[in-house]
Amino acid sequence: MTHHHHRFFAGAAAFVSIAAAALVHVHGRGAPPRTRDGRPDLQGIWSYATLTPLERPAEFANKPFLTDAEARTLEQQTLTVQNRDRRDEEGPAGRGSDGRTDLDRAYNQVWWEYGSKVVGTRRTSLLIDPPDGRIPALTPEGERAAKDKRGLWTANGEYEGGAQGLSFDSYLDRPLQERCLGWTVTGPPMIPGAYNNNMEIFQTPEAIVIVNEMVHEHRIVPVDDRSRVGSPIRLWMGVSRGRWDGDTFVVDTTNFKPGVFRSASAALRLTERFRRMDDETLLYEFTVDDAVTWTKPWTVQVPMSRTREPLFEYACHEGNYSLPNILAGARAAEKSH
């Protein structure tokens, strides 16, 4: 799948002008900036790229934090493993000496944007609750839902191509990522991935707008008491409503289409929290609550860093030959048998 970057769409510039007219930054010494109405100013372009994994690796069991030396070693090792520029001697079945296939090495370092550091807290996982840093077990119903991956995410929420038992019968059976319709990096919730880990926030007293670089997705989160849409209406990104809890902006999202976020059910309730810590840091935290799918809620915390780089358009469908080629390959394989 190819993707092309273009300058951020002009319409956002118009919104920025409106927001700038409505909001005046009031900078206090050592304190995060605030808007004219006294709220923390969440605006800016933020990066959530990190080498810290979502779940705690087995080698760090019972170890919630790394030492500084351990963090540096992990960063070096992770960057080495991710470096697809390495050229290894080919082995059987197109596998290199490291066991990776040609497909594993399809993207080189030009494309990856994992970042180069673990999070500043040196946590061994972005998942902070449960304390073991692991996503809770699936319920029996959650396990059943995870086996049906048609047209949704794969079971573990990551892109797995033809793995995980996905069907090649139709484009409808392929994951949303292959179809350029969604991505786990975008969310909600937003989870760091291989690239395009950037988003921009626009803010007025009436709404917060979140624009993601990945798949060029956006959300408008109203900050008022308007009613939600009815339960039968289900959306890939759900229905979000925002509120201020002191200096923390809280977003409650329901009405998700089942299975869009991992194997979550229609009962999924997502709570996101945004808190401006200082000029350079926005703390993002989310809690996944779906008793139908998981045995307990789980919470993830991702520190976001301010970036001066612009957002670029992720035009996923331009030159997207992968989907027809995947299906054509499946048809050719069927004929050969």
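How much accessible surface does the protein have, and what share of that surface belongs to carbon and sulfur atoms? The accessible surface comes to about 16900 Å², and 54% of that belongs to carbon and sulfur atoms. Before I go on, keep in mind that what we're looking at is a predicted model.

Okay, the overall picture. We've got four helices and 12 strands in this protein. There are 337 residues, and 45% of them count as buried. Now take the contacts with a separation of 6 or more: residues 24 or more positions apart account for 60% of those.

Let's turn to one helix, α4, residues 322–336. Its 15 residues should span 21 Å at 1.5 Å a residue, and the end C-alpha atoms are 21 Å apart, so the expected span and the model agree. So which residues of α4 are buried? They're Ser322, Leu323, Leu327 and Ala330. Those four cover an arc of only 135° around the axis, which means they sit on the same side of α4. As a reminder, an α-helix has 3.6 residues a turn, so residues three or four places apart point the same way. Flip to the other side of α4 and you find exposed residues, namely Asn325, Lys335 and Ser336.

Next up, the aromatics. By the ring-centre rule, with centres within 6.5 Å, the count comes to eight aromatic pairs. Let me walk you through two of them.

Phe261 and Trp294 have ring centres 6.4 Å apart and planes at 50°, so we call that pair tilted. Where do these two residues lie? Phe261 is in the loop between β8 (248–254) and β9 (269–278), while Trp294 is in the loop between β10 (281–289) and β11 (298–306), so the pair ties together parts that are 33 residues apart in sequence. Both Phe261 and Trp294 are buried, by the way.

The other pair is Tyr284 with Phe286. Here the ring centres are 5.8 Å apart and the planes are at 45°, so this one is tilted too. Tyr284 is buried, and Phe286 is as well.

If you're clicking along in the viewer, put all of these on screen together: Phe261, Phe274, Tyr284, Phe286, Trp294 and Trp298 are linked by ring pairs into a cluster.

One last thing, and this one involves a charge. What lies over the face of Phe168? That's Arg174, at 4.4 Å from the ring centre.

That's my tour, thanks everyone.

Note on methods. Residues numbered from 1 in each chain as written. Predicted model: local features only at pLDDT ≥ 70, side-chain atom pairs only at ≥ 80, totals over all residues. Heavy atoms only, no water. Expected span 1.5 Å × (residues − 1). Buried < 20%, exposed > 50% of the residue type's maximum accessible area, 1.4 Å probe, protein only. Arc of directions from axis to C-beta. Contact = heavy atoms within 4.5 Å. Areas by Shrake-Rupley, 256 points an atom, 1.4 Å probe, with all protein chains shown as cover. Phe/Tyr/Trp six-rings, centres within 6.5 Å; stacked < 30°, edge-to-face > 60°. Lys NZ or Arg CZ within 6 Å of the ring centre and 35° of its normal.
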